Amino acid sequence: MNVKDLIRSKNALSVLYTDFTHLKLRRPLSFFAFYEGKDAPYYYNKFSVVIPDLEISPIKCRGKSMVKKMYCSLNNKGELEGIKTGFFIDRDFDNNDEDYIVNDFYVTDRYSIENYYVSEDCFMKIMRNELGITEENTDFEIILSRFRSFQHSYHQSTSLFNAWYFSIKNSDKRCEVSLDDTLPDGYLEYDYEHWDVRQNYSLDELNSRFSQQSHEVTEQEIETYRAELDSDPVINYRGKFEMTCLVYFMRKIQDELNRKKSMPGELTINPYRPQISSSNCISLWAQYTDSDYEKFRDYLIRRTQ
């Protein structure tokens, strides 16, 4: 981290600390939930199931590292005594084995919270409750079949990228790669006529593109991790990419339903109006997501007693 980034990080930590102390004065009996970012909608419904009357004060920390820094700063200052707190982070491709994380943090069992939105079970709930399409409608099986095909081919096409990213994140060599929500332009080709996704990149391309940010990954490294990741892509693959797959698919289905044609069945108009994006669907679909209920319940009860 250069000097400018270090100063920016300290300033951000100072702002968050000030916000927290003001909030603690106003709402001392709250449960202070420290999140990476836009995770609050996902967790909010889970809180209400475990402890219906729990008053939540969410604190967005702008990233995983900042959640850790806030915890360490508050703990060192004795600011965690006498209040209820929870620290929530994504598993990612990190080890997350520091003692304070193991003892005091909630870490997702899946790569990130986005991975709880992209299962087939969650998708069917969205179809029933948002699109108004149930199993009695012939469109249900048509759309579900398309989703399976699209997601399966997407997983095949992103398998290499996920294995490569896992390799550089779990190496003791330099890693300064910063990824966007989607794969680089041109890496995937989408065929919506056949609901198929094709891969347009190679390991050589990845090593070349990111040569200044990471070491060169070998085929042997890829194969070391690939089988484990591929065993369940919905759980193991990078969540933002998984969410992109679902959003792209839903946009196309939404467009088709809005045209009121193309698909046989009883549906004549799409009642679902929101413009779908990777950011707003975190809120739109939070009530339909999968969850690690028992793990979450145990953590919440332990942090509130």
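This report walks through the pockets, one loop residue and the aromatic pairs of a predicted model.

**Pockets**

Let us begin with the open spaces. The largest pocket holds about 680 Å³ of space. Its lining counts 26 residues, and the closest to the pocket centre are Asp-92, Asp-94, Tyr-165, Lys-169 and Val-177. Helix 6, which spans residues 138-169, supplies the largest share of this lining, with three residues.

The second largest pocket has a volume of about 290 Å³. Here 15 residues form the lining, and Lys-38, Asp-39, Glu-114, Lys-240 and Ile-282 are the closest to the centre. Helix 10 (residues 239-258) gives the most to this lining, again as three residues.

The table sets out the make-up of the two linings.

| Pocket | Volume | Nonpolar | Polar | Charged |
|---|---|---|---|---|
| Largest pocket | about 680 Å³ | seven residues | six residues | 13 residues |
| Second largest pocket | about 290 Å³ | three residues | five residues | seven residues |

**A look at Thr-134**

Where does Thr-134 sit? Its place is in the loop between helix 5 (120-131) and helix 6. Thr-134 counts as partly exposed because its relative accessibility is 29%, a value between the 20% and 50% cut-offs. Its side chain makes a polar contact of 2.8 Å with the side chain of Glu-136. Leaving aside residues up to four places away in sequence, Thr-134 touches Arg-128 and Phe-140. You can also gauge its position against Ser-119: the two residues are 15 apart along the chain, and their C-alpha atoms are separated by 17 Å.

**Aromatic pairs**

How many aromatic pairs does the model hold? The count comes to 47 aromatic pairs. One of them joins Phe-93 and Tyr-111, whose ring centres are 4.7 Å apart; their planes meet at 80°, so the pair is edge-to-face. Phe-93 belongs to the loop between strand 3 (84-89) and helix 4 (99-104), while Tyr-111 belongs to the loop between strand 4 (105-107) and helix 5, so this pair ties together parts that are 18 residues apart in sequence.

Are these two rings' residues buried or exposed? Phe-93 counts as buried because its relative accessibility is 3%, and Tyr-111 is buried too, with a relative accessible area of 6%.

Ring pairs also build a cluster that is worth tracing in the structure. Its members are Phe-31, Tyr-35, Tyr-42, Tyr-43, Phe-47, Phe-88, Tyr-106, Tyr-116, Tyr-117, Phe-296 and Tyr-299.

How values were computed: Residues are numbered from 1 along each chain as its sequence is written. This is a predicted model: local features need pLDDT of at least 70, side-chain atom pairs count only at pLDDT 80 or more; totals for chains, interfaces and linings use all residues. Side-chain values use heavy atoms; hydrogens and water are left out. On a 1 Å grid over the protein atoms alone, a cavity is a set of points where a 1.4 Å probe fits but cannot get out, and a pocket is an open set with protein on both sides within 12 Å along at least five of seven lines; lining residues have an atom within 4 Å of a point. Grid points are joined across faces, edges and corners, and a volume is the space filled by probe spheres set on the points. Helices (H or I, at least four residues) and strands (E, at least two) are DSSP runs, numbered from the N terminus. Ala, Val, Leu, Ile, Met, Phe, Trp, Tyr, Cys and Pro count as nonpolar, Asp, Glu, Lys and Arg as charged, and the others, Gly among them, as polar. Buried means under 20% relative accessible area, exposed over 50%, partly exposed in between (1.4 Å probe, protein chains only). Contact means heavy atoms within 4.5 Å. A polar contact is a pair of N or O atoms within 3.5 Å; within protein, one must be able to donate a hydrogen and the other to accept it, and residues adjacent in sequence count only if both atoms are side-chain atoms. Rings of Phe, Tyr and Trp (its six-membered ring) pair if their centres lie within 6.5 Å; planes under 30 degrees apart count as stacked, over 60 as edge-to-face and the rest as tilted.
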